[in-house]
Every structure is written in structure tokens, then in C-alpha cells.
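The questions below go through one protein chain step by step. Each is followed by a short answer.

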Amino acid sequence: MVEKYRVLVVDDDDAHRTMLRTLVGGWGYEIVDADDGEAAITAVKAQPVDLVLMDIRMVRVSGMEALEQIKAINPAIPIVLMTAYASVETAVDALKKGAYDYLIKPLDFDKLRLTLERALEHIRLKAENRHLKQQLETGVLPQDIVGSSPAMVRLMETVVQVAVSEATVMVTGESGTGKELVAAAIHHNSPRMAGPFVKVNCAAITETLLESELFGHEKGAFTGAERRKEGRFVLADGGSLFLDEVGEMPVSMQVKLLRVLQERELTRVGGEQVIPVDVRLIVATNQDLARMVNAGTFREDLYYRLNVVELKTPPLRARREDIPLLAAHFLSRFAKKNRKSVDRFSPRAMDLLIRHQWPGNVRELMNTIERAVVLARSDCLDESDFSVLAAGLSDTKDALSGGIFPADVPLDRIEREAIVNTLASARGNKSEAARRLGITRKTLREKLKKYGLPL
């Protein structure tokens, strides 16, 4: 074989597992093994694998249970199940839950080999972008809002609930989490959807020009004002105005914005005419405005005027189960845009995407996929197409295993990696892993829950 694929063999029968290690390893595959479904789940979290060959009946966690959890971790991994207790119902259930194939013990070795080869030849990510609860039935979402994680379901349900009101909404979250998309979703699901949706980035406009940009100006109001200009508030009349990076607004402009919100009218720069405006305001920030209020850099009265309803966009690391969906969405878009025939990820490539911390969130993922598509040399993106991510993951793992902790690695990342690696080395034995980590089993269980790892 040109490429050495890694196969995870899972069976609680030691003799049968050893036989499979020898047999499948002899066909040129790299073998890792696990003696239970729980250990298999831990192994998939700890290292990339290309295929899982797993028994169904096991004492602690069955193959069917492990199948569902592994598919949730990385849906690109093909899983072949084995059983000595065959039934049509079990086979159908396994295939419905995402198994690639279903083999009967005692195994036909020729069939097993052919099944493994076919699975690895036809690895494809089958990620469905399922529409979100309620919102999908009646609402309209910008195309890049993708996800079915609990965090995204809650967010979009709240968007639909808030959109029908006239309340001012503050969208908070880290850069790259899609705050503008959430603002657009609010507008397009509101009674104002037929009106304009006008956007202003407060950080991209100088203080001297921001007042003119928002409120407009009269001819001759300042040097260069050769004609009257309508401001964004007037342009958004009857619709919604989105102020991005509102925390960057100078205090002097905050006073003027507060007046417009209170009076629902404005005066152009250099003018005297009072102009009524009917605008629904949506703002966004990646800063802690409450802290800025305490520091005196953001007006308290404006803060409470803006923060009628707050929506928090989750960082990508908090909804990793959405990464396969987002990756597939961006792959399809950029393949079409760049006229490339790339249409899938290898399991190892997807494993890299899922493990990466994504400090730039969805925006970073989008740019990473586009770069990989543009430079792709085949129709399948492999880990080599994400060499920057692979290098970063490798550097971090080497640092962790060597006792060196880089300054830019979050503490919770270090702790999570230590737990995952220790569980893998302890073959999923939680008591032994807790002993090696120097904590109690109860504390280990709490940390597993904290990091979303199998209990």
C-alpha cells in the first residue's frame, strides 16, 4: 500500500483482538486497539484513525453505543461492525446509525479485507447541514449560519424569538464568531424585513467622519463637504441599522447616539432641520462593555439603552460538533467558486480540523478551507493540505509531552490534552488515569464533564 492507514481494532475478546491485529496488520495497515467501546471513544479523541473495526457486543460500552459517539466526534471515519449474533434488525439499526458495513463472525477474511479496502477507497464526509429547530420552518438565515450543536440551536431559537420585537439587540462574542450574520438573521426574520439593512463598522471610521456617516451632513458643513449627504440612520429608515464594533465609538459620539435613540430624531452635521427616524438598532462588540462602563470609557446610560437583549455568539471551540458541517459547507462553496473538483476530506484532515483551537473562530476556518481548496492537488483534502494546522498541533503535543508549556496555549487546553493522553495511555481505565494525574476519580469525572469528554 502506498499510504499506511491507521485502523482501530475494538474487541473485548483478547484472543480475537490479537488475531485481528496480526491479520489486518499483515495487510499493511497500522493497528491500534481497544478492549471496549469506551476505550475506543477515548482512542479516537486521542489520535487520528482512518477506520474503526469494532465488535458490537462488549461488556461496558457496546459497539452500537460507541458507533454513535465516534460518529459525533468525526463523521468522516468509516466504522465496520462485527457480531456473532446476526439479525436483520441489528444490521439495519447499525447502518442507520452510520456504520459503513456489518460483518458476521466467524469472519470471512477475504470479505473483511475487501470491505476495509473499499471503505478506505470511498471515504466521504456525509455531513448534513440540518436546519435548526423552529427557525428552519419559518425563518430565513444567512447561508453561512451553519450548525446543529446545542449552543447554535439555542442561539437561533432566541434570534427568532427576539426578531419579531422592536427591542434593541446587543450581539456579543469573539471576533470571527458570526455576529454580523446573527444581526442579519434578526433583521430578515423581523417585521422590518422588507426595509433596508444598513451596516456600519464603528472601528473602521475616524471619529471626525463617524458623525457625518451616521447622521449625514449639509453642503459646506466642513472642508470637502461639497454636497448634502444622508446618514446611515436616514438610509436605514423603516429597517434596521447594524453598528458593528460599537465599543470603539468615541465617548463624544456616544452622547450623540444616545440622544438619537431617546428622541428618535436627528440633525445633520451643519444643519438645523430635525429629521425623524424609524430605525431598529442592532449592535455588536467583542469587548466587555460592562467593564468599559466601570472604567469610564463607555457611557453607562448608553450601555443600558443598547443592552435590552444580549445574544452571545459561541466560539467555535465551544461547538466542535459543528466543525464537520461548517467545513463541508465552505468546501462546497469554495470548490464551486474556484472551479475545483475537491469534494471531500480524509478522516485525518477532518481530525486536524476538529482538534484545532480556532482562535479566529469560523472566519479562520473559512479562510483555512479556502486556502486548502485553492492549493489542492486532488479531489480529497488530506492532512498535508492543512500542514500549518498539523504543525501547530504537533508543536503543542510535543510541548505538552516534553513538559514545555508555550505561552500562547490556553491552560484549559493543556489540562484537556493531559487528560485525553493519560486516558489513552491507561487504555480508558479512569481509576488508573486519575492515579497517574494525581487527582481523585470524582475530580476526573468532573473534568471530563467540563471538557465534554465521555464519562
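Contact means heavy atoms within 4.5 Å. This is a predicted model, in which local features need pLDDT of at least 70 and side-chain atom pairs count only at pLDDT 80 or more, while totals for chains, interfaces and linings use all residues. Residues are numbered from 1 along each chain as its sequence is written, and side-chain values use heavy atoms, with hydrogens and water left out.

Q: How many helices and strands are there in the chain?
A: Helices (H or I, at least four residues) and strands (E, at least two) are DSSP runs, numbered from the N terminus. Counted in this way, the chain has 20 helices and 16 strands.

Q: What percentage of the residues in the chain is buried?
A: Buried means under 20% relative accessible area, exposed over 50%, and partly exposed in between (1.4 Å probe, protein chains only). The chain has 455 residues, and the buried share of them is 50%.

Q: Which strands are at the edges of the open sheet with the order 2-1-3-4-5?
A: Two strands pair if DSSP finds at least two bridges between them. This open sheet has five strands with parallel pairing. An edge strand pairs on one side only, and here the edges are strand 2 (30–34) and strand 5 (101–104).

Q: Which residue of strand 2 stands opposite Val10?
A: Strand 1 (residues 6–10) pairs with strand 2 in the parallel sense, over five bridges. Opposite Val10, in strand 2, stands Ala34.

Q: At about what angle does helix 1 run to strand 2?
A: Axes are lines fitted to C-alpha atoms, for helices over the stretch in contact, and angles run from 0 to 180 degrees between N-to-C directions. Helix 1 (residues 14–26) lies across strand 1, strand 2, strand 3 (51–55) and strand 4 (79–83). Its angle to strand 2 is about 165°.

Q: Which strand does helix 3 run to at about 175°?
A: Helix 3 covers residues 63–73 and lies across strand 3 and strand 4. The angle of about 175° is the one to strand 4.

Q: Is Leu120 buried or exposed, and how far is its C-alpha atom from that of Leu51?
A: Leu120 is found in helix 5, and its relative accessibility is 8%, so it counts as buried. Not counting residues up to four places away in sequence, Leu120 touches Tyr5, Tyr29, Asp50 and Leu51. Leu120 and Leu51 are 69 residues apart along the chain, and their C-alpha atoms are separated by 7.4 Å.

Q: Which backbone oxygen does the side chain of Thr115 reach?
A: Thr115 lies in helix 5 (residues 109–121) and is buried, because its relative accessible area is 6%. Beyond its neighbours within four places in sequence, Thr115 is in contact with Val80, Tyr100, Asp101 and Leu103. At 2.8 Å, its side chain reaches the backbone oxygen of Lys111.

Q: What is the average turn between neighbouring strands of the sheet with the order 7-10-13-6-14?
A: Five strands form this open sheet, and the pairing is parallel. Its edge strands are strand 7 (197–201) and strand 14 (309–312). Direction ignored, neighbouring strands of this sheet are turned against each other by an average of 20°.

Q: Which residue of strand 13 stands opposite Met170?
A: Strand 6 and strand 13 (residues 280–285) run parallel and are joined by four bridges. The partner of Met170 in strand 13 is Val283.

Q: With which side chain does the side chain of Thr177 make a polar contact of 2.7 Å?
A: A polar contact is a pair of N or O atoms within 3.5 Å; within protein, one must be able to donate a hydrogen and the other to accept it, and residues adjacent in sequence count only if both atoms are side-chain atoms. Thr177 is in the loop between strand 6 (169–172) and helix 8 (179–188), and is buried because its relative accessible area is 8%. Its side chain also reaches the backbone oxygen of Glu174 at 2.7 Å. The side-chain partner is Thr313.

Q: How far apart are the axes of helix 14 and helix 15?
A: Ile323, Pro324 and Ala327 in helix 14 meet Met350, Leu353 and Ile354 in helix 15. Helix 14 (residues 323–337) and helix 15 (residues 347–355) pack at an angle of about 115°, and the distance between their axes is 10 Å.
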